[in-house]
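Please work through the exercises below with the sequence and the model at hand. Each task is followed by a solution in steps.

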Amino acid sequence: MANSKGLIPADIINEIKSKNDIVNYISSRQELFKRGKNYHGKCPVCGKLESFVVYPETNSFYCFACSLGGDIITYVMKTKNVDYKAAVSELAIIAGITPPEINPSSNNLMRDAAMFYHSQLKTNSKAKSAIDQLHAWGIKGKTIVQLGIGFHDNSFNCFIEYMTKQKSYTIAQLEEANLIAKSSKGNYCDKMRNSIIIPTIDEEGNVVCFDYYIIDKAQLYKYPNSDKFARSKHLYSFNLAVRSEKKSVIIVSSYEDYFKLFGLGITNVVATYLPRITNGQLDLLKKNFKVVMPFLPQYVNFSACDQYCKSNGMFCEDIRLQGCDSPIEYLDKYGVDTIVEKVAEFERIL
Ligand SMILES: [Zn+2]
């Protein structure tokens with residue numbers, strides 16, 4: 001797994017490799033014959049006799065029959081059929097080193113959780129109602145994948161099972177990440193059941209928030225604020241808006257408004273989670289955009305947003321709802337063309 005490979009510091013990997021002699025390790029598991037400087041034997045993967053060579057000088061091996069080769073970590077992965085992390089852990093224990101990633105970081109945990117939920121949306125046969133709801137919001141196929149949307153069925157512990165058994169996280173870590181709940185009887189269970197799960201991925205690619213929409217209750221539940229995630233300083237889909245490389249950005253307040261625009265092909269758009277846009281959120285936008293385009297119901301703090309832009313050398317261009325109650329209603333009534341033209345105009349003139 002290339003992903004987990006990059007997360008173990010190189011000096012730890014080097015120490016683990018230098019403290020595990022490849023000839024000692026392999027010869028304790030299969031017969032090797034010394035020939036000159038090197039050792040020969042039967043390939044543990046393809047089974048060909050004499051084709052497998054271990055090179056003590058480079059701490060590596062190679063099979064001339066099946067072309068399998070690598071270091072001691074590769075040997076453990078291939079012969080024990082385990083992933084990179086598990087192979088490193090085993091070798092660390094043999095060498096008397098504390099295995100890395102026994103306590104994987106919270107960044108990895110949130111990403112692993114997002115990947116689990118997203119795979120559930122794609123593969124779980126119970127996800128149909130979730131997919132129907134996403135289609136009703138205006139996103140489908142590729143756009144759902146781009147947003148990394150996930151799903152969790154009614155099961156009480158499929159997430160806990162996966163994260164503790166397949167990914168070696170602890171209950172305490174899952175609890176700290178606010179992804180599991182404790183029942184009145186003291187048992188832990190998955191928190192976001194029968195839900196569409198909407199991750200926020202920050203500009204560095206970290207998953208920082210999971211809001212979830214419980215399908216049969218038709219209600220959105222919010223991930224709590226913490227030391228790591230303050231809603232007032234993040235924006236939904238800021239990463240994709242930056243990637244659009246546009247000079248302007250459209251601001252909506254709800255996921256539904258966001259999905260509607262995104263499904264219509266507008267990617268320079270963010271959602272505030274909250275009815276009002278905060279200065280912390282505008283600070284984020286300032287780094288990448290010259291124009292902010294609030295596309296919000298009338299009661300929000302347009303004048304504060306306008307004031308912020310004036311003090312920070314930006315433009316604030318209101319997209320007026322023209323009597324509609326919400327951006328969705330506006331888009332259903334007037335379509336997306338006026339907005340597309342505004343975005344194109346700012347690209348031309350700025
Ligand atoms: Zn081979």
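The exercises that follow treat the domains, one sheet, two helices, the nonpolar cores and several backbone angles.

The structure is a predicted model, in which local features need pLDDT of at least 70, side-chain atom pairs count only at pLDDT 80 or more, and totals for chains, interfaces and linings use all residues. Residues are numbered from 1 along each chain as its sequence is written.

**Exercise 1. State the domain assignment of the protein and the separation of the centres of domain 1 and domain 3.**

Step 1. The bounds come from an automatic or database domain assignment. This assignment gives domain 1 (2-94), domain 2 (106-229) and domain 3 (238-349).

Step 2. Taken over C-alpha atoms, the centres of domain 1 and domain 3 are 54 Å apart.

**Exercise 2. Describe the open sheet that contains E12, and trace the chain from E12 to E13.**

Step 1. Helices (H or I, at least four residues) and strands (E, at least two) are DSSP runs, numbered from the N terminus. Two strands pair if DSSP finds at least two bridges between them.

Step 2. The open sheet has four strands in the order E13-E12-E14-E15, with parallel pairing. Strand E13 (269-271) and strand E15 (315-316) are the edge strands, each pairing on one side only.

Step 3. Strand E12 (residues 248-252) runs parallel to strand E14 (residues 291-294), and four bridges join them. Val249 has Val292 as its bridge partner in E14, while Ser248 has Val291.

Step 4. Three bridges join E12 to E13, again in parallel. Here the bridge partner of Ile251 is Val270. From E12 the chain passes through H12 to E13, a right-handed β-α-β crossover; the term means that, with the strands pointing away from the viewer, the path from the first strand over the helix to the second runs clockwise.

**Exercise 3. Determine which residues of E12 are buried on each face.**

Step 1. A residue is buried if 20 or more other C-beta atoms lie within 10 Å of its own, exposed if 12 or fewer, and partly exposed in between, with C-beta atoms placed from the backbone.

Step 2. In a regular strand the side chains alternate between the two faces of the sheet.

Step 3. One side of E12 carries Ser248, Ile250 and Val252, and the other Val249 and Ile251; all are buried. Five of the five residues of E12 are thus counted as buried.

**Exercise 4. Explain why H12 is described as largely enclosed, and place Leu261 within this setting.**

Step 1. Seven of the nine residues of H12 are buried, so the helix is largely enclosed by the rest of the structure. These are Tyr255, Asp257, Tyr258, Phe259, Lys260, Leu261 and Phe262.

Step 2. The elements against which the buried residues of H12 pack include helix H7 (128-137), strand E9 (195-201) and helix H15 (327-334).

Step 3. Leu261 lies in helix H12 (residues 255-263). Leu261 is buried because 22 other C-beta atoms lie within 10 Å.

Step 4. Two residues are in contact if their C-beta atoms, placed from the backbone, lie within 7 Å. Not counting residues up to four places away in sequence, Leu261 touches Ile250, Val252, Ile266 and Val269.

**Exercise 5. Identify the residues with the most contacts inside the largest nonpolar core, and the domains that contribute to this core.**

Step 1. A nonpolar core is a set of buried Ala, Val, Leu, Ile, Met, Phe, Trp, Tyr and Cys residues joined through C-beta atoms within 7 Å.

Step 2. The largest such core has 67 residues, and Val249, Ile250, Ile251 and Val269 have the most contacts inside it. Strand E10 (residues 207-214) gives the most to this core, with six residues. At least three residues come from each of domain 2 (106-229) and domain 3 (238-349).

Step 3. A second, separate core of 17 residues includes Tyr39, Cys63, Ala87 and Ala92.

**Exercise 6. Which residues of H9 are buried, and which are exposed on the other side?**

Step 1. In helix H9 (residues 158-166), the buried residues are Phe159, Ile160 and Met163. Down the axis of H9 they fall within an arc of 100°, so they line one face of the helix; the arc is that of the directions from the helix axis to the C-beta atoms.

Step 2. Glu161, Lys165 and Gln166 are exposed on the other side of H9.

**Exercise 7. Are Ser67 and Ser237 buried or exposed?**

Step 1. Most residues other than glycine have a negative phi, and most peptide bonds are trans. Ser67 has a positive phi near 65°, and Ser237 has a positive phi of about 65°.

Step 2. Ser67 lies in the loop between strand E4 (60-63) and strand E5 (69-70). Ser67 counts as exposed, with 9 C-beta neighbours inside 10 Å.

Step 3. Ser237 lies in the loop between strand E11 (219-221) and helix H11 (238-243). Ser237 counts as buried, with 23 C-beta neighbours inside 10 Å.
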